[in-house]
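Biologist: I am new to this model and would like a close look at one part, the paired charged side chains. Please set out the general layout too, so that I can place them.

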Amino acid sequence: MKARAGTGWQYVMTDLSLILFMITAAALREAPAEAHRPSPLAAPALGEPVAVWRGGADAPGLRQWLASQGADPRQRLTVIAPLRDAAAAVALAQGAGRPARVVLEPDASGAPYAALTYDQSAPLARGLQSSAETKPNPESSP
(Lines give C-alpha, C1' and ligand atoms only; values in the text may rest on other atoms or scores of the structure.)
Protein backbone atom coordinates (compact mmCIF):
# COMPACT_ATOMS: atom_id res chain seq x y z
CA MET A 1 0.00 0.00 0.00
CA LYS A 2 1.41 3.30 -1.07
CA ALA A 3 0.32 6.66 0.51
CA ARG A 4 0.11 9.62 -1.83
CA ALA A 5 1.37 12.96 -0.57
CA GLY A 6 -0.56 16.17 -1.25
CA THR A 7 -4.09 14.91 -0.88
CA GLY A 8 -6.55 15.56 1.90
CA TRP A 9 -8.59 18.42 3.29
CA GLN A 10 -5.63 19.86 5.27
CA TYR A 11 -3.76 20.70 2.06
CA VAL A 12 -6.83 22.31 0.51
CA MET A 13 -7.33 24.49 3.61
CA THR A 14 -3.66 25.48 3.61
CA ASP A 15 -3.82 26.55 -0.02
CA LEU A 16 -7.01 28.56 0.54
CA SER A 17 -5.53 30.25 3.62
CA LEU A 18 -2.43 31.32 1.69
CA ILE A 19 -4.55 32.68 -1.15
CA LEU A 20 -6.69 34.67 1.30
CA PHE A 21 -3.57 36.03 3.02
CA MET A 22 -2.05 37.19 -0.30
CA ILE A 23 -5.31 38.91 -1.38
CA THR A 24 -5.59 40.71 1.99
CA ALA A 25 -1.95 41.83 1.90
CA ALA A 26 -2.33 43.18 -1.63
CA ALA A 27 -5.52 45.06 -0.72
CA LEU A 28 -3.93 46.65 2.37
CA ARG A 29 -0.89 47.73 0.38
CA GLU A 30 -3.08 49.54 -2.16
CA ALA A 31 -5.34 51.21 0.44
CA PRO A 32 -4.71 54.91 1.16
CA ALA A 33 -2.78 55.79 4.32
CA GLU A 34 -5.84 57.56 5.77
CA ALA A 35 -7.70 54.26 5.96
CA HIS A 36 -5.18 52.94 8.52
CA ARG A 37 -5.65 55.81 10.99
CA PRO A 38 -7.98 55.17 13.92
CA SER A 39 -11.20 57.14 13.81
CA PRO A 40 -11.55 60.03 16.26
CA LEU A 41 -13.71 59.60 19.32
CA ALA A 42 -17.31 60.53 18.81
CA ALA A 43 -18.67 63.45 20.79
CA PRO A 44 -21.24 62.58 23.44
CA ALA A 45 -24.85 62.65 22.31
CA LEU A 46 -26.08 65.88 23.85
CA GLY A 47 -29.77 66.66 23.85
CA GLU A 48 -31.20 70.07 23.22
CA PRO A 49 -29.91 72.49 25.89
CA VAL A 50 -32.42 73.49 28.50
CA ALA A 51 -30.19 76.38 29.57
CA VAL A 52 -26.76 77.68 28.51
CA TRP A 53 -24.31 79.66 30.65
CA ARG A 54 -21.53 81.83 29.26
CA GLY A 55 -19.16 83.70 31.51
CA GLY A 56 -18.68 87.41 31.14
CA ALA A 57 -18.20 90.68 33.00
CA ASP A 58 -21.92 91.11 33.78
CA ALA A 59 -22.79 87.40 33.95
CA PRO A 60 -23.33 85.56 37.24
CA GLY A 61 -20.89 82.84 38.25
CA LEU A 62 -21.62 79.26 37.23
CA ARG A 63 -22.62 78.20 40.76
CA GLN A 64 -25.01 81.15 41.10
CA TRP A 65 -26.48 80.45 37.64
CA LEU A 66 -27.04 76.78 38.53
CA ALA A 67 -28.82 77.80 41.74
CA SER A 68 -31.26 79.86 39.65
CA GLN A 69 -32.06 76.85 37.41
CA GLY A 70 -34.61 74.26 38.45
CA ALA A 71 -33.10 71.22 40.15
CA ASP A 72 -33.82 68.12 38.08
CA PRO A 73 -31.77 64.94 38.64
CA ARG A 74 -32.27 63.96 34.97
CA GLN A 75 -30.37 67.01 33.74
CA ARG A 76 -26.66 66.81 33.12
CA LEU A 77 -24.27 69.73 33.37
CA THR A 78 -21.71 69.78 30.58
CA VAL A 79 -18.79 72.22 30.49
CA ILE A 80 -17.52 72.67 26.93
CA ALA A 81 -14.16 74.33 26.31
CA PRO A 82 -11.30 74.50 23.81
CA LEU A 83 -8.48 72.07 24.51
CA ARG A 84 -6.10 74.91 25.34
CA ASP A 85 -8.39 75.94 28.25
CA ALA A 86 -8.58 72.46 29.77
CA ALA A 87 -7.40 73.55 33.22
CA ALA A 88 -9.94 76.39 33.36
CA ALA A 89 -12.75 74.05 32.26
CA VAL A 90 -11.90 71.47 34.93
CA ALA A 91 -11.73 74.17 37.61
CA LEU A 92 -15.07 75.53 36.41
CA ALA A 93 -16.66 72.06 36.58
CA GLN A 94 -15.27 71.37 40.04
CA GLY A 95 -16.58 74.70 41.35
CA ALA A 96 -20.06 74.13 39.93
CA GLY A 97 -21.32 72.37 43.04
CA ARG A 98 -22.84 69.45 41.13
CA PRO A 99 -21.45 66.61 39.00
CA ALA A 100 -20.35 67.82 35.59
CA ARG A 101 -18.95 66.37 32.39
CA VAL A 102 -16.11 68.26 30.68
CA VAL A 103 -15.92 68.12 26.88
CA LEU A 104 -12.71 69.47 25.33
CA GLU A 105 -12.80 70.46 21.67
CA PRO A 106 -9.37 70.36 19.98
CA ASP A 107 -10.07 72.88 17.19
CA ALA A 108 -12.40 75.23 19.05
CA SER A 109 -11.77 78.77 20.18
CA GLY A 110 -13.52 81.09 22.60
CA ALA A 111 -14.35 80.96 26.27
CA PRO A 112 -15.66 77.87 28.05
CA TYR A 113 -19.42 77.61 28.47
CA ALA A 114 -21.83 75.26 30.23
CA ALA A 115 -25.10 73.67 29.21
CA LEU A 116 -27.85 71.84 31.08
CA THR A 117 -29.27 69.07 28.89
CA TYR A 118 -31.38 65.97 28.97
CA ASP A 119 -28.88 63.72 27.24
CA GLN A 120 -30.17 61.52 24.44
CA SER A 121 -28.07 58.59 25.63
CA ALA A 122 -29.20 58.77 29.25
CA PRO A 123 -31.69 56.04 30.26
CA LEU A 124 -33.84 58.52 32.15
CA ALA A 125 -34.06 60.81 29.13
CA ARG A 126 -35.05 57.88 26.91
CA GLY A 127 -37.75 56.93 29.40
CA LEU A 128 -38.97 60.52 29.52
CA GLN A 129 -39.15 60.74 25.72
CA SER A 130 -41.00 57.43 25.31
CA SER A 131 -43.54 58.27 28.03
CA ALA A 132 -44.13 61.73 26.53
CA GLU A 133 -44.81 60.16 23.13
CA THR A 134 -47.38 57.68 24.50
CA LYS A 135 -49.28 60.02 26.82
CA PRO A 136 -51.85 62.37 25.27
CA ASN A 137 -51.31 66.06 25.90
CA PRO A 138 -54.16 67.35 28.12
CA GLU A 139 -53.65 70.94 26.95
CA SER A 140 -54.24 70.07 23.30
CA SER A 141 -57.63 68.35 23.88
CA PRO A 142 -60.82 70.42 23.60
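How many helices and how many strands are there in the protein chain? And how many salt bridges does the count come to?

Modeller: The protein chain has four helices and four strands, each a DSSP run numbered from the N terminus (H or I with at least four residues for a helix, E with at least two for a strand). This is a predicted model, in which local features need pLDDT of at least 70 and side-chain atom pairs count only at pLDDT 80 or more, while totals for chains, interfaces and linings use all residues. Residues are numbered from 1 along each chain as its sequence is written, and side-chain values use heavy atoms, with hydrogens and water left out.

Along the sequence, the order of elements is α-β-α-β-α-β-β-α. The protein chain holds 142 residues, of which 18% are buried (under 20% relative accessible area; exposed is over 50% and partly exposed lies in between, with a 1.4 Å probe and protein chains only). Its accessible surface is about 10900 Å², and carbon and sulfur atoms account for 60% of that (Shrake-Rupley method, 1.4 Å probe; for residues, only the protein chains shown count as cover).

Now the charged pairs. Side chains of opposite charge can pair when their charged atoms come close. The count of salt bridges is two, where a side-chain nitrogen of Lys or Arg must be within 4 Å of a carboxyl oxygen of Asp or Glu.

One of them joins Asp72 to Arg74, with 2.9 Å between the closest N and O atoms. Asp72 sits in the loop between α2 and β2. Asp72 counts as buried because its relative accessible area is 12%, whereas Arg74, at 29%, is partly exposed. The two side chains also make a polar contact at 2.9 Å (a pair of N or O atoms within 3.5 Å; within protein, one must be able to donate a hydrogen and the other to accept it, and residues adjacent in sequence count only if both atoms are side-chain atoms). Beyond residues up to four places away in sequence, Asp72 touches Arg98 and Tyr118, contact being heavy atoms within 4.5 Å.

The other salt bridge joins Arg84 to Asp85, whose closest N and O atoms are 3.0 Å apart. Arg84 is exposed because its relative accessible area is 57%. Asp85, at 22% relative accessibility, is partly exposed.

The surroundings follow. The largest nonpolar core has 13 residues, and Leu62, Trp65, Leu66, Leu77 and Ala114 touch the most other members (buried Ala, Val, Leu, Ile, Met, Phe, Trp, Tyr and Cys joined through side-chain atoms within 4.5 Å). Two or more residues of this core come from each of β1 (49-54), α2 (62-68), β2 (76-82), α3 (86-94) and β4 (113-117). Setting aside neighbours within four places in sequence, Leu62 is in contact with Trp53, Leu92, Ala96 and Ala114.

Four of the five residues of β4 are buried, so β4 is largely enclosed by the rest of the structure. β1 and β4 run antiparallel and are joined by five bridges, strands counting as paired if DSSP finds at least two. In that pairing, Val52 has Ala115 in β4 as its bridge partner. β2 and β4 are also antiparallel, with five bridges, and Ile80 has Tyr113 in β4 as its partner. Of the contacts in the protein chain between residues at least 6 apart in sequence, 68% join residues at least 24 apart.
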